[in-house]
Number of protein chains: 4
Amino acid sequence: MNDVRVGMIGYKFMGKAHSNAYRALPMFFPNVIRPEMKAICGRDERAVEKARLQFGWEYAETDWRKLVDRDDIDLIDISAPSDVHKEIAIAAAAAGKHIFCEKPLALNLADSVEMLSAAEKAGVKHMVGFNYRFAPAVQLAKKLIAEGRIGEIYHYRGLFLQDWIVDPEFPLVWRLQKEIAGSGSHGDLGAHVIDMARFLVGEFQEVIGMSETFVKERPLPGSMVGGETVGDKNAPRGQVTVDDATLFLARFAGGALGSIEATRFAAGHRCTNSFEINGSRGSLKFDFERVNELQVYFTDDAHDVQGFRRVLATDSAHAYSGAWWPPGHSIGYEHTFTHEVYELMLAIAEDRQPSPSFVDGVACQAVLEAVDRSIEERRWVAISELQ
Amino acid sequence: MNDVRVGMIGYKFMGKAHSNAYRALPMFFPNVIRPEMKAICGRDERAVEKARLQFGWEYAETDWRKLVDRDDIDLIDISAPSDVHKEIAIAAAAAGKHIFCEKPLALNLADSVEMLSAAEKAGVKHMVGFNYRFAPAVQLAKKLIAEGRIGEIYHYRGLFLQDWIVDPEFPLVWRLQKEIAGSGSHGDLGAHVIDMARFLVGEFQEVIGMSETFVKERPLPGSMVGGETVGDKNAPRGQVTVDDATLFLARFAGGALGSIEATRFAAGHRCTNSFEINGSRGSLKFDFERVNELQVYFTDDAHDVQGFRRVLATDSAHAYSGAWWPPGHSIGYEHTFTHEVYELMLAIAEDRQPSPSFVDGVACQAVLEAVDRSIEERRWVAISELQ
Amino acid sequence: MNDVRVGMIGYKFMGKAHSNAYRALPMFFPNVIRPEMKAICGRDERAVEKARLQFGWEYAETDWRKLVDRDDIDLIDISAPSDVHKEIAIAAAAAGKHIFCEKPLALNLADSVEMLSAAEKAGVKHMVGFNYRFAPAVQLAKKLIAEGRIGEIYHYRGLFLQDWIVDPEFPLVWRLQKEIAGSGSHGDLGAHVIDMARFLVGEFQEVIGMSETFVKERPLPGSMVGGETVGDKNAPRGQVTVDDATLFLARFAGGALGSIEATRFAAGHRCTNSFEINGSRGSLKFDFERVNELQVYFTDDAHDVQGFRRVLATDSAHAYSGAWWPPGHSIGYEHTFTHEVYELMLAIAEDRQPSPSFVDGVACQAVLEAVDRSIEERRWVAISELQ
Amino acid sequence: MNDVRVGMIGYKFMGKAHSNAYRALPMFFPNVIRPEMKAICGRDERAVEKARLQFGWEYAETDWRKLVDRDDIDLIDISAPSDVHKEIAIAAAAAGKHIFCEKPLALNLADSVEMLSAAEKAGVKHMVGFNYRFAPAVQLAKKLIAEGRIGEIYHYRGLFLQDWIVDPEFPLVWRLQKEIAGSGSHGDLGAHVIDMARFLVGEFQEVIGMSETFVKERPLPGSMVGGETVGDKNAPRGQVTVDDATLFLARFAGGALGSIEATRFAAGHRCTNSFEINGSRGSLKFDFERVNELQVYFTDDAHDVQGFRRVLATDSAHAYSGAWWPPGHSIGYEHTFTHEVYELMLAIAEDRQPSPSFVDGVACQAVLEAVDRSIEERRWVAISELQ
């Protein structure tokens, strides 16, 4: 089978993570079809050329339309900012390219639906970048639930806690401006929690949320010092226009109750993307800061030795672990992308849609918007209202 | 100063916990006024006499009215079921006795307000049994917050998770019947979380909740086997009329966001009464299953060694620890009651109201009812609506 | 059956712990024979009278010989300093009293053997105070081993880590003077680890150790300030004559390998009395700072969910838990003494020796001395050399 | 500056880990000199060609002598079995190539000394593969010690616990045969612990050890099933000729006491490479199973908030973290090799010896052999005896 020739738009954080995944795949998953790192694209010619060299792409482009039109590209990887996802995806679909788009799929539900339609109409493969699904410990959670070993699910508690803007002097970067970022913690972090919940527990039925911007004004960004954005105490200030934190309660179609929170104001939490699931036969706990571990409890353990087990998901019994290192040898964040790309290559080889696809991107967007509406209107909102 | 002569009504779980506290106090806190274990009261003559002997009370009574009328009693301890709290408390106040009442103060807000009025009118001391405040680790949390060391508070996450009725064959005990218990998880467990939040973060402003009874029918209780209530698979079934789980979102008067949950369906959690607090200068985490520990994070720790500290609250720098054992030597659940009784004796000696008093019992009841109303009417309810 | 009338010598730390156990027993274990707190004994008349009142003893004595001779005493409890254990125990035996002696049984092996002989000759019950055996989590470890659920034992790692003398200005208290204390960390902390190992793994065969006194001179103790012993920077200094830390390797008769360490120089460890046991079918981990927990691993768990379980030993399936509070409600340090006294009362009622008895005290002393000899002579020493 | 052209011998576990490091380096550390993956070498032509393709090397060789002689190679990477290290290293030195040799440097001290001499004489760079030094959390430990923030070191406890041969039916693979492997747990795992101790605490002074082979006979290896070596219950058995576990006590030149253990019989421990260090100003704890974390305790923290902090070594304040992902995003095992190769490239660019060099390989070997001698002769052995 032929290699899949990739053209990637974007070369910052996600561009780096995806590039690494494409490079790693042939080495660790040699039996799957290969992604060929054909062209990387960005508007700044010098910067994209630097990234091309550093990440190992064959060509550099500065116009994404040209990239999409190239004959030697099979797959368009959209690692660019969210506000250009839609236009690129629709163009890529029209050009008959497969699409791998970072989350959030679009800035709003309507756009994401359009993107899905375009991809479906074009008959191309489409994937959305909910990478956390691909941690082996999360895959284990999925397996235990699917096999009924946790029983009927009663509770889902999902948290995504960060602390990078707790300091009120942290500057007003683009992620804190609604016109660029679309949303704050909710769309950035909450989207991951929503997808995780859908992956593990199933569809949301109704939601009610609350939201807050704790620090309402921040210094405008000063000069970049050493790669870090540093604020200036005397700098003029601007309005923060996104949420610092958004919480919501949810009822799932399957009957479970959900409590979900995304915040950038949880001091001490660098990246706590965690969940706990309680079912009729057991419970599961996961925290991304200990990405290789899943805590597992079974109600039918012998009476005198009941307790949460700390399972290190690096054994041969665990997903993907055979590709990496011996039991007990940790993998990390970047590996979730490698597994994601593995799924994408498998799907292309097997001529099926990858999972998660744009369908999941749309479903996540619907929940995000239902929460937004519930906050605005101060009432419970059914997901079905948005469809 | 004279001893405080106690008459206690109730001799089951709480009666045992309180008796132990009265016995322990003179030994571990010898410098405070002594509680004298004068009389214990219950309706079953044989059972109350057995309890008298086991717990070490001087007299036994079977009629609480007689107990309240005794001249040799200064303090009435109400460890009886919730549905009799009001009548006893009002009678005790009328008789000029101090009152120590277990939580929940009453079955509803109106009753609790009446009780507070009666106690205030009579000019007696009144205390409500929110014992978890008195864990040294919780006292440390309070101190750190009061001293501003956590800064302005942004988030409060409170959970009370148990799992004793996950088994659908567990019988329909009185705690699962609304007419007797008043409420399920919400009033039993949620009340503790609400009080803890008020103690640490301050007053609630508005709430919205959701609630569920996962197992709607259960076998009627069979015979008691070996002290445990065991269900019979073929027994006739009855309706569960209380909530198995109740969750709510909250906004605090001080601006913090709260997420609170009480459930008896969290497999693997025997008694997880936990909170996390995130502030502008740090964070705190507590879990009652590790009652001696507080996790503490400060934003101003040196950059290379920032992280949650596991503080074992058994040092001389911690509340009450001087009374017990050397650093590192754990105390447990029962000690929270000893500290509670210590506060009560101190308050009597100093002629001031103890804390928490009936005022706190009333405030907690208001939040409980606001949540109930928010569930019924599917909308945000301000606490002020109930006052 | 008659109550057991107790006469206790000593009223400091251990006297307080034992008094609490005697007081608690009838309340929490009402079905066993009762200890009657008859007389407490100490040399300082005012102090012992104060302790009598605080702890709840009937009489006070200032001469232990008189106590031993009293007709109304059945059991002598030796909570006095180690250097008087032997004389009292032998006198008590001669007077036909049962004996409950704190650890270490004596200052050396020869003395402890004499004590055992005296007790055996007199036909009285004899117990030594290795209280840590009586934590429910430790009892669970014992049960799992006894039932073969951990299989053949390969490794025992026992640590007792404290940090109360890390500060070099901490004064030269009596525990740091050989003539009074007999030994430092080794006899004080190591003795507990040795007994725990014997209890769980069986007899020691041979040992080799090393030892160090890190801070060789300390200020002579100044005045006592607020109950704490505080050193004076300008105070004259004296020699520390005991070990700050002692480590040893061991081979057990059953074939297991042991690594044992006792130190007072482990900053951050208030009271880490911990062990790990690895066997052919599983592993166990315990840390006294989390006294209610046992970590348990089984090799035959399903392949995808293998991991250490955190068992909270507060369920009805666990030793003693029925006497206390519901599952998940912690008990603490002092409860180990209540369980110990429970065993003592049971043994008296059943006319058998309690466990641990002086036999265990002697065996522990033999290991302690074998380690001492191995350090002095820089060679492996078989326990049998000392017998 | 020119790229460093690498020729690597070996393509199994270590070959894969090193290949990944060479590939990752230019992407994550673009500012250092580049390793060029020139040629990979192994005896099995088909297998080495497969590895070449999978790992991304330019050429394949089947004769390491040819590789060493190639003009287009600057650095020889020895990832082959231990018994051929010496011959290759000496040849490489003679050919003027830099050498990067996996640990253990050689099968014995004498050989390792010869290798060091050869490299020094040739004036080439030499590095030994103690990769665990390069975890950011370990680098943080080193930094805290170097800056005096832990004070004078009193205790070092190092453990390397695995469990892959607990099953007595696990077959007699080459690692369990002395003639091939040289040593068992001691040389394989203990070597890492020894190097870590030297890195953090300094030189060993004297040691005494003990050793055991718990399962003395095992089935001869059967056919390979699915990549795993599976034993056959009826297969003929052979003798295990290496240690299953080796423990030793140590005294460091700086005065600290050490306790070190390596075992493959610790059920539940997939790869617990851990240490704890106690000093006069604080303590440190590390466990490789949570490779991103360091537990840190300071004696001078405020009295009421003393406790071990869990530091996630992924902040910008931590070594190497700038190269990878944002704070809280874990890296894993393989990254230690990338950092190791980074140090090697830096050293070549700066024309200095990398650290750890063969000098460290020799020093580690001396400790290993001193322990062996101490076991054989049942006495304390000074490291100086071997020099």
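Modeller: A helix here is a DSSP run of H or I of at least four residues, a strand is a run of E of at least two, and both are numbered from the N terminus. The model is predicted.

Biologist: Where does that place Arg378(D)?

Modeller: Arg378(D) is in neither kind of run: this residue lies in the loop between α10 (358-377) and β19 (381-382) of chain D. The phi of Arg378(D) is positive, about 50°, although the residue is not a glycine.

Biologist: Why is Arg378(D) called partly exposed?

Modeller: Buried needs 20 or more other C-beta atoms within 10 Å, and exposed needs 12 or fewer. Arg378(D) has 13 C-beta neighbours inside 10 Å, so this residue falls in between and counts as partly exposed.

Biologist: What makes Glu376(D) exposed?

Modeller: The count for Glu376(D) is 11 other C-beta atoms within 10 Å, and the limit for exposed is 12 or fewer, so the word applies. Glu376(D) is found in helix α10 of chain D. The C-alpha atom of Glu376(D) is 9.6 Å from that of Ser211(D), with the two positions 165 residues apart along the chain.

Biologist: And Asp351(A): buried or exposed?

Modeller: Exposed, because Asp351(A) has 7 C-beta neighbours inside 10 Å. Asp351(A) sits in the loop between α9 and α10 of chain A. This residue is not a glycine, yet its phi is positive, at about 50°.

Biologist: What else is found in the loop between α9 (334-349) and α10 (358-377) of chain A?

Modeller: Pro356(A) lies there. The peptide bond that joins Ser355(A) and Pro356(A) is cis, with omega about 10°. In chain C, the peptide bond from Lys103(C) to Pro104(C) is also cis, with omega near -10°. Pro104(C) belongs to the loop between β5 (98-101) and α5 (109-122) of chain C.

Biologist: Why is helix α4 (residues 85-94) of chain A described as largely enclosed by the rest of the structure?

Modeller: The description follows from burial: 7 of the 10 residues of α4(A) are buried, so the helix is largely enclosed. The buried residues are His85(A), Lys86(A), Ile88(A), Ala89(A), Ile90(A), Ala92(A) and Ala93(A).

Biologist: What covers the buried residues of α4(A)?

Modeller: The cover includes β1 (4-9), α3 (64-69), β4 (75-78), β5 (98-101) and α5 (109-122) of chain A. Just after the helix, Gly96(A) takes a positive phi of about 75°.

Biologist: What does the UniProt record list for residues 4-130 of chain A?

Modeller: An unreviewed UniProt entry lists them as "domain: Gfo/Idh/MocA-like oxidoreductase N-terminal". Over this range the chain is 45% helix and 21% strand, and the C-alpha atoms at the two ends are 21 Å apart.

Biologist: Turning to chain B, in what order do the 6 strands of the open sheet stand?

Modeller: The order is β3-β2-β1-β4-β5-β6 of chain B, with parallel pairing.

Biologist: What makes β3 (59-61) and β6 (126-128) of chain B edge strands?

Modeller: β3 and β6 of chain B each have a single partner strand, so one side of each is left without a neighbour in the sheet. On average, neighbouring strands of this sheet are turned by 20° against each other, direction ignored.

Biologist: How do you know that β2 (residues 35-41) of chain B pairs with β3(B)?

Modeller: Pairing needs at least two bridges, and 3 bridges join β2(B) to β3(B). Cys41(B) stands opposite Glu61(B) in β3(B). Helix α2 (residues 45-55) of chain B packs on the sheet and touches β2 and β3 of chain B, its direction making about 160° with that of β2(B).

Biologist: How do you know that chains A and B are related by a two-fold axis?

Modeller: Chain A superposes on chain B by a rotation of 180° with 0.0 Å of shift along its axis, at RMSD 0.0 Å. That is the relation of a two-fold axis. In chain A, the C-alpha nearest the axis is that of Arg379(A), 2.9 Å away.

Biologist: What makes you say that the same surface serves both copies?

Modeller: 100% of the contact residues of chain A recur in chain B. The contact takes 30 residues from chain A and 30 residues from chain B. On the side of chain A that touches chain B, the elements giving two or more residues include β7 (153-161), β13 (245-252) and β15 (272-279) of chain A. The residues of that side divide into 15 nonpolar, 10 polar and 5 charged.

Definitions and conventions. Residues are numbered from 1 along each chain as its sequence is written. Chains are lettered from A and ligands numbered from 1 in the order in which they are written. This is a predicted model: local features need pLDDT of at least 70, side-chain atom pairs count only at pLDDT 80 or more; totals for chains, interfaces and linings use all residues. Axes are lines fitted to C-alpha atoms, for helices over the stretch in contact, and angles run from 0 to 180 degrees between N-to-C directions. Two residues are in contact if their C-beta atoms, placed from the backbone, lie within 7 Å. Ala, Val, Leu, Ile, Met, Phe, Trp, Tyr, Cys and Pro count as nonpolar, Asp, Glu, Lys and Arg as charged, and the others, Gly among them, as polar. UniProt positions are given in the numbering used here, feature names are shortened, and annotations may be inferred rather than shown by experiment. Copies are superposed by least squares on the C-alpha atoms of residues with pLDDT of at least 70 in both.
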